[in-house]
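Trainee: I am new to this structure, and I would like to learn how its descriptive terms are justified. Could you take me through them with care?

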Amino acid sequence: MKSNLITLWLGIGAVAIVFCTLAGATALGDEGKAGGAEPGIIITRSPPDSVKPGPDSWGTIEGTVSGVKPDDYRVVIYAYGDMWYVQPFVAAPYTEIGKDGKWKADTHGGYKYAALLVKSSYKPPSTTRVLPEVGGDVLAIAQASAGEENKKEKTLRFSGYVWRVKSSQMPVGPGPNYFSDSADNVWVDDEGRLHLKITHRNDQWQCAEIISKQSFGYGTYRFRVDSRADDLDPNVVLGLFTWSDDPAQSHREIDIEFARWGQAEDKTNAQFVVQPAQQPGRLIRYRIPPEVTPGIHSFTWSSDKVVFRSVKEQASGLESAGSLIQEWTFSQEGVPQAGGENVRMNLWLLGGRAPKNEQTHEVIIRRFEFVPLDSRSP
């Protein structure tokens, strides 16, 4: 039955609506640009999440492109079921771009979607497990989850900034996991502290994440954590990091993570990372001792280095020389350059697996602070 479904889906094509995301781009020659702008693609409309994956579910996906002459480029759409399927048909994988830069197509349902801005010479695979990277004939990519833009986006105010609260109807990254915007998972208490909680409801483990509306750029990112960071369940991860939906420069991801990655016996429980972590010298593991509550965890990002620090907060609310837990400077080639990234804080489950102790988990973050490079640190 599964193979027949896949064959039919490929034969008809798949389409769905997606959440609005700005994609990354590579530079073109001046003859390919419109007004000298870099190429980009945005998804502006997606079908409701009632449009489920399969050959009989149809929806509409549409968006806009920028920075290119429409006659010279195309859009290629993919919908994800058990892999990525080109849309709307295998025999007709291209969507035309209007003179105004807008594009629109029918699609079958999927759990998530991708729209690629490509040169006319690009030959897309009919199916793929991994989307192509930006480069060559692929100028930019936008991705989105089904139905996310069809409901009112929930936001909260924390530490003087506005944050989006992540929510998903299907498992999404990291993990993959279900993320909930319920007040049971994400809330700010009367003292102004952020609570992130992993709960179990409706036979699902549901995780928590917030995303800053603002992009901050170079400076010091400081997270004051009131919870113990040393005793998280081996399957639970607390992430404090920057992230851009543009895949260039490994999404400009700079991480402070508290996790044992499923290894209960691991004596280390935290790490600093400048992605991609799999490359040598871009990650350092360390240990947060039990007595560190509260803790101040920070990184200072400039164009040529990232300086990480974890300290035990003093009664004064400041750092002191004797409070240092770990410090690390990353200054080798490949420091990401600022541009469109946001701050994210999340509490999630490794591989979407239940906590080993089968218990809910909660973390309290008292405050997030950002100090631009040209300002004095408090």
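What follows is a conversation about the terms used for this structure and the values behind them.

Mentor: This is a predicted model, in which local features need pLDDT of at least 70 and side-chain atom pairs count only at pLDDT 80 or more, while totals for chains, interfaces and linings use all residues. Residues are numbered from 1 along each chain as its sequence is written, and side-chain values use heavy atoms, with hydrogens and water left out.

Trainee: How many helices and strands does the chain have?

Mentor: The chain comes to one helix and 25 strands, where helices (H or I, at least four residues) and strands (E, at least two) are DSSP runs, numbered from the N terminus.

Trainee: What makes β2, β3 and β6 an open sheet, and which strands are at its edges?

Mentor: Two strands pair if DSSP finds at least two bridges between them, and seven bridges join β3 (residues 58–66) to β6, so that count satisfies the definition. One of the bridge partners is T107 in β6, which faces G59. The order of the open sheet is β2-β3-β6, with antiparallel pairing, and its edge strands are β2 (40–45) and β6 (102–108), each of which pairs on one side only.

Trainee: Why is strand β22 described as largely enclosed?

Mentor: Buried means under 20% relative accessible area, exposed over 50%, and partly exposed in between, with a 1.4 Å probe and protein chains only. In β22 (residues 306–312), five of the seven residues are buried, so the strand is largely enclosed by the rest of the structure. In the chain of 378 residues, 51% count as buried.

Trainee: Which strands pair with β22?

Mentor: Strand β21 (residues 295–301) pairs with β22 in the antiparallel sense over seven bridges, and the two form a hairpin with four residues between them; G295 stands opposite K312 there. Strand β23 (residues 324–330) is joined to β22 by six bridges, again antiparallel, and F330 in β23 stands opposite V306.

Trainee: Why is the pair of F272 and Y286 called tilted?

Mentor: A pair of aromatic rings is described by the distance of the centres and the angle of the planes. Rings of Phe, Tyr and Trp (its six-membered ring) pair if their centres lie within 6.5 Å, and planes under 30 degrees apart count as stacked, over 60 as edge-to-face and the rest as tilted. The centres of F272 and Y286 are 4.5 Å apart and their planes are at 35 degrees, so the pair is tilted. F272 lies in strand β19 (residues 270–274) and Y286 in strand β20 (residues 283–286), so the pair ties together parts that are 14 residues apart in sequence. Both F272 and Y286 are buried.

Trainee: How do you know that W328 and F330 are also a tilted pair?

Mentor: Their ring centres are 6.0 Å apart and their planes are at 55 degrees, so this pair is tilted, and both W328 and F330 are buried.

Trainee: What makes T155 partly exposed rather than buried?

Mentor: Its relative accessible area is 37%, so T155 falls in between the two cut-offs and is partly exposed. T155 is found in strand β10 (residues 155–158).

Trainee: How do you know that a charge sits over the ring of F179?

Mentor: The definition asks for NZ of Lys or CZ of Arg within 6 Å of the ring centre and within 35 degrees of the ring normal. The charged end of K166 sits over the ring of F179 at 4.3 Å from its centre.
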